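Biologist: I am new to this structure. Please take a close look at its salt bridges and charged side chains, and walk me through them.

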Amino acid sequence: ERVIYPPTRISLLTVNFFLTYEPRPNVSGRMPRAHSSPSFAKPAMRLSPKGGEESVDYHARTWTSTCIRGCFPVCGNSCDISPPGWSHPKLARPISPDNFFLYSNGNWMRDNPIPSGYSSWNSFMSLRLKSQEDCRRILAESDGIGGTGDVSDEERKVALFYGAAMDEDAIEAAGTRPMLPLLELCEEAAKCRDDKVAYASCLGRMSMRYGVTPFFSIGSGPDKKDSDRSIAQVSQGGIRLPDRDYYFDQDKEGQRSAYKNTIALMLTLLVDPCAIEPSEESIDAAERVFELEKSLAEGHMTKTENRDPHDTYNKMTMEGLIQIGDGAFDFGSYFSSATGKNVEEIGDINLRNTKAIARMTEVASSVDEGTMHAYFRWMAVSSCAPYLSKPFVNAHFDFYEKTLQGTQEIKERWKRAMEFTESALGEALGKLYCAKYFDETSKGRALAIVEQVRLALENRLKEVDWMKSEETRANALKKMDRFGVKIGYPDKWLDYSTLLIDGSDDFLTMVFRSREFANIEEAKEINAPTDKSKWFMTPQTVNAYYHPNLNEIVFPAAILQHPFFDKDADDAVNFGSMGAVIGHEMTVTWWTGGRKRTEKSMRNASKSWLSRQTSLKYTGKRSRSVTLWINQCTINAQTLTSLHPPFSPPPLHLPYDNQGKLTSGENIADLGGLRLALRGLISTKGYDPDSLIDGFSPMQRFFLSWAQCWRQNVTKERALQLLTIDPHGPNEMRCNGPLSNMPEFHEAFSVTPNDPMYKESAMRVDIW
């Protein structure tokens with residue numbers, strides 16, 4: 001249900017399978033070959049009998065665009081685990097494809113339709129499935145359940161948890177019985193809302209013991225002005241739609257109607273597990289719950305606002321937090337129950353959104369008891385539904401995956417069970433995964449690429465024309481020197497010895513215990529030295545991220561695979577994929593929130609490491625250029641500002657101008673990352689621009705490798721959802737947008753002013 005979501009926004013390479021419907025800052029309930037020829041697939045363009053270029057239509061069933069979960073945590077997706085060997089038409093000359101995304105990926109898209117159980121299919125998802133299959137083999141070979149073999153305590157717990165998740169008969173027999181203590185707590189909280197201490201304490205216990213968080217979320221994270229120390233974080237929350245915009249956008253009325261029906265059905269199932277239709281009483285309750293959530297959403301920041309590091313930094317004492325809500329909510333009692341620490345032990349608190357908390361305290365203290373009880377029950381059942389019997393599982397799937405994302409069938413049980421296990425015991429499973437599947441020799445090659453790209457950025461920082469101040473340049477270089485890199489797996493693994501997993505327990509009870517364990521671990525970090533060894537992704541996660549407060553980029557073991565990395569591939573291929581990912585994350589260091597942080601995150605820095613003059617020059621001209629870039633970009637020959645799905649009019653009414661602002665940071669990072677990776681490639685020892693592999697030059701292989709990272713098929717529903725909530729642009733745009741701004745691409749593929757991929761020099765964006 002939830003994922004590791006640190007209170008400070010980490011930059012993800014992509015969003016897809018890491019997307020969560022209830023972002024929260026703590027981790028409670030965290031649910032993340034060698035080739036003799038180049039390791040990329042055959043381009044989707046062939047010569048016509050007349051010697052010209054013949055395009056191929058690859059859009060029969062799906063709208064081929066969109067992006068992955070999160071920010072280059074690092075960004076991407078894929079399908080064919082063992083991609084076909086490199087083959088291509090025998091070209092007499094380099095060709096200038098009309099659409100490089102389709103040229104590079106069209107055949108793959110045609111041959112890899114979206115599998116059952118998914119809303120998209122891409123490089124990330126392909127490797128994600130491979131990672132799950134690897135973990136499944138580990139557990140199949142394990143003697144952790146009732147065996148007599150020599151297994152560790154962690155291996156036994158992983159095996160027991162996965163086994164319980166797979167035992168559908170036991171889950172069906174248990175029904176909602178494991179939820180009864182939580183439902184009783186919901187009733188108690190609703191009844192005692194006039195007693196501030198008891199009310200807040202009930203909600204705190206609900207968060208700590210069960211991972212259910214009405215109204216708002218708490219966690220820990222590095223202080224943005226002193227990254228050496230972590231403080232409590234309070235974030236907006238309390239809604240179960242993906243984002244505040246879902247409560248207000250005109251084009252989402254159908255989804256709102258389906259959402260209210262889902263609320264009503266699940267509330268009915270709590271009373272009658274055999275019900276097929278919601279009761280009249282539950283329909284009325286669902287309307288009131290929706291209005292309560294809508295009221296909370298009115299105070300929420302937009303996705304763009306929530307990415308601003310200054311607007312989301314409001315450090316205060318507990319007394320200050322209570323005053324934000326006019327004393328209507330006892331945050332001290334809440335924190336005590338939710339963390340086990342008193343006010344003095346909690347210390348300072350960062351409130352990410354003051355308006356949301358002010359609105360929340362008003363709602364939490366004014367809504368009638370019946371509505372509040374229904375709301376608490378809805379928050380509880382929606383949090384638990386994936387772990388319950390089939391009626392709940394199906395209701396949850398029908399809305400959150402089928403309606404919102406267009407997924408037609410639910411995933412196989414073992415895949416869902418593996419996701420649950422990774423959520424509860426991610427690092428324990430990751431330790432087993434790395435021991436069996438991670439190639440330690442990959443680290444050296446990957447680190448060499450990191451260093452080449454870092455040197456490219458260091459040299460570029462000495463050149464950029466928008467950085468006028470030498471003091472600014474010196475600060476930038478100092479920050480670069482402190483840039484950290486983690487590859488593979490943590491040096492210090494999470495200790496699960498205090499997590500009780502008993503084979504006699506119901507599966508949902510195991511889930512609750514894993515959530516409580518995660519919350520206890522999170523609470524330890526409040527008002528304490530920052531644990532800089534901590535990872536925010538598990539090793540088996542196919543993604544990567546940049547953490548702005550820790551100034552580090554992290555590459556889990558599972559992403560060090562084709563098409564993102566291949567230790568046996570030539571440099572051009574690796575720099576076009578992993579090198580560009582590294583460059584993306586390094587560029588994020590200076591863009592979005594990164595540009596506003598010094599080398600020690602924001603210590604002693606109400607001012608940016610950029611001078612005011614430099615910052616205005618950077619954010620003004622450059623941001624406007626890239627915002628214009630996305631708003632003028634085309635996806636399947638349609639502009640984002642007037643986009644119609646190729647298969648279903650009428651036109652969409654989405655805030656694309658705002659999307660340009662939302663995605664501008666990632667657009668800049670994509671372009672900057674690709675430029676830095678190319679500089680890194682050219683500076684490698686032995687680089688020969690004339691060396692050919694299968695007729696393609698290093699420069700051409702570099703750009704093809706980049707393009708094939710973004711290959712994807714996606715449902716219309718999922719594509720539209722990502723356009724609303726994802727800080728990245730669609731995959732097709734992420735592929736083609738940077739290339740049109742690079743003269744090296746124009747030269748490599750003989751792009752002329754008459755070609756669609758051509759952009760005049762004066763219109764090209766040049767930042768990094």
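Modeller: What follows starts with the whole chain, then goes through the charged pairs, and ends with a helix and a loop.

This is a predicted model. The chain has 768 residues, and 64% of them count as buried. Its secondary structure comes to 25 helices and 16 strands. The exposed area is about 27,600 Å², with carbon and sulfur atoms supplying 48% of it.

Now the salt bridges. The whole structure holds 37 of them. Take Glu422 and Arg128. They form a salt bridge, and their closest N and O atoms lie 3.1 Å apart. The pair links distant parts of the chain. Glu422 sits in helix H15, residues 413-437. Arg128 sits in helix H2, residues 123-141. In sequence, 294 residues separate the two. Are these side chains on buried or exposed residues? Both Glu422 and Arg128 are buried.

Next comes Glu188 with Arg205. This salt bridge has its closest N and O atoms 3.4 Å apart. Glu188 belongs to helix H5 (residues 180-191) and Arg205 to helix H6 (residues 196-210), so the bridge ties together parts that are 17 residues apart in sequence. Glu188 counts as partly exposed, at 40% relative accessibility. Arg205 is partly exposed too, with a relative accessible area of 21%. The cut-off matters for Arg205: buried means under 20%, so 21% leaves this residue in the partly exposed class.

A third pair involves strands. Lys315 and Asp223 meet through their side chains in a salt bridge, 2.7 Å from N to O. Lys315 is in strand S8 (residues 315-316) and Asp223 in strand S6 (residues 216-223), so this contact ties together parts that are 92 residues apart in sequence. The two partners sit in unlike surroundings. Lys315 is partly exposed, at 41% relative accessibility. Asp223 is buried, with a relative accessible area of 5%.

Salt bridges can also join into a network. Lys130, Asp134 and Arg137 are linked in this way.

Other charges gather on the surface. Which residues make up the patch of negative charge there? They are Asp194, Asp195, Asp368 and Glu369. Asp194 is placed in the loop between H5 and H6. Those are the helices that hold Glu188 and Arg205. Asp194 is exposed, with a relative accessible area of 70%.

Turn now to helix H3, residues 153-166. Its 14 residues reach 20 Å from the first C-alpha to the last. That is close to the 20 Å expected at 1.5 Å a residue. Why is H3 described as largely enclosed by the rest of the structure? Ten of its 14 residues are buried, so the helix is largely enclosed. Charged residues are among the buried ones, including Glu154, Glu155 and Lys157. The buried set also includes Val158, Leu160, Phe161 and Tyr162. Ala159, Ala164 and Ala165 are buried as well.

Last, a loop. Glu409 lies between helix H14 (390-405) and H15. H15 is also the helix of Glu422. Glu409 is partly exposed, with a relative accessible area of 47%. How far apart in space are Glu409 and Ser116, C-alpha to C-alpha? They are 5.7 Å apart, although 293 residues separate them in sequence.

Methods
Residues are numbered from 1 along each chain as its sequence is written. This is a predicted model: local features need pLDDT of at least 70, side-chain atom pairs count only at pLDDT 80 or more; totals for chains, interfaces and linings use all residues. Side-chain values use heavy atoms; hydrogens and water are left out. A salt bridge is a side-chain nitrogen of Lys or Arg within 4 Å of a carboxyl oxygen of Asp or Glu. Helices (H or I, at least four residues) and strands (E, at least two) are DSSP runs, numbered from the N terminus. Buried means under 20% relative accessible area, exposed over 50%, partly exposed in between (1.4 Å probe, protein chains only). Patches are made of residues with over 30% relative accessible area and no salt bridge: like charges are joined within 9 Å, nonpolar side chains (Val, Leu, Ile, Met, Phe, Trp, Tyr) within 5 Å. Accessible areas come from the Shrake-Rupley method with a 1.4 Å probe; for residues, only the protein chains shown count as cover. Lys and Arg count as positive and Asp and Glu as negative; His and the chain ends are not counted. The place of a charge is taken as NZ of Lys, CZ of Arg, CG of Asp or CD of Glu. The expected span of a helix is 1.5 Å times one less than its number of residues.
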